[in-house]
Amino acid sequence: MESHKKLLLANKAWAADRLSVEPEYFEHLAQSQQPEFLWIGCSDSRVPAEEITGTHPGELFVHRNVANMVIHTDFNMLSVLQYSVEVLGVKHVIVCGHYGCGGVYNSMTHKNLGLINKWLRHIKDVYRFHERELDSIPEFQSRFDRLVELNVMEQVMNLAETSIIQTSWKNRLLPSVHGWVYDMKTGLLKEIASLNHESHLEDIYQYRDDGT
Ligand code: CO
């Protein structure tokens, strides 16, 4: 059997299984969604958002891209962010990176990878912001792990620097923004950064109603 057909068969079995537990499962789910969380994660196949957090359909609003980036000109990410914050009213936004991330790894090399250079450039910028700390770590693997963490922290800051998050903080004191890193070797997540409406933002990034 061709491998993609196995997915369709598995889907039939899954749907039947859900119905056997709760006959109205899909009818209920189809009516509306009210997820509490927006998940911004890496596209890596080994970091499945729902599975590693024990969540079910309806619980996570998900955006994934290479190296879990929050780039302030990315209309795809911004549309997901705006909809989930302003319409769905999520209470938490989680940026989840992972050790061993291929995007972060490649940003540390001098390889010319064509189009994706432009995406990875943003991680090279993170390296430059933290050059002194990173260059002081002699071993590559530890430097790589640290860049994964710093990249998550920078993406958390990038979220706080959007008018979408700042306006929501002003109006409803939510969402809180979390930076997590997933360790594929243990299956465990750890929180490395967290911001909320009381967090201090560098002055230059603050939007104010009177524009001053
Ligand atoms: Co990755």
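Biologist: Of the contacts in the chain with a separation of 6 or more, what share comes from residues 24 or more positions apart?

Modeller: Such residues account for 63% of them, a contact being heavy atoms within 4.5 Å. Bear in mind that this is a predicted model, where local features need pLDDT of at least 70 and side-chain atom pairs pLDDT 80 or more, while totals for chains, interfaces and linings use all residues. Numbering runs from 1 along each chain as its sequence is written, and side-chain values use heavy atoms, without hydrogens or water.

Biologist: Thanks! Why is Ser84 called buried?

Modeller: Buried means under 20% relative accessible area, with a 1.4 Å probe and protein chains only. Ser84 has 0% relative accessibility, so the label buried applies. This residue sits in helix H4 and, leaving out residues up to four places away in sequence, touches Leu38, Phe61, Gly89 and Val90. Over the whole chain, 39% of the 212 residues are buried.

Biologist: How many helices and strands does the chain have?

Modeller: There are 9 helices and 5 strands. These are DSSP runs, with H or I over at least four residues for a helix and E over at least two for a strand, numbered from the N terminus. In sequence order the pattern is α-α-β-α-β-α-β-α-α-α-α-α-β-β.

Biologist: Which residues of helix H9 are buried, and what covers them?

Modeller: H9 spans residues 163–172, and its buried residues are Ile164, Ile165, Gln166, Ser168 and Trp169. Their cover includes helices H4 (75–87) and H8, along with strands S3 (92–98), S4 (176–183) and S5 (188–195). Just past H9, Leu173 has a positive phi of about 60 degrees.

Biologist: And what makes a residue part of the lining of the largest pocket?

Modeller: A lining residue has an atom within 4 Å of a pocket point; on a 1 Å grid over the protein atoms alone, a pocket is an open set of points where a 1.4 Å probe fits, with protein on both sides within 12 Å along at least five of seven lines. The largest pocket has 19 lining residues, and those nearest its centre are Val70, His72, Asn158, Glu161 and Tyr205. Helices H6 (116–129) and H8 (140–160) each give at least two residues to that lining. The pocket volume is about 470 Å³, taken as the space filled by probe spheres set on the points.

Biologist: Lastly, what are the overall dimensions of the chain?

Modeller: The C-alpha trace spans about 55 × 50 × 30 Å along its principal axes.

Notes: Buried < 20%, exposed > 50% of the residue type's maximum accessible area, 1.4 Å probe, protein only.
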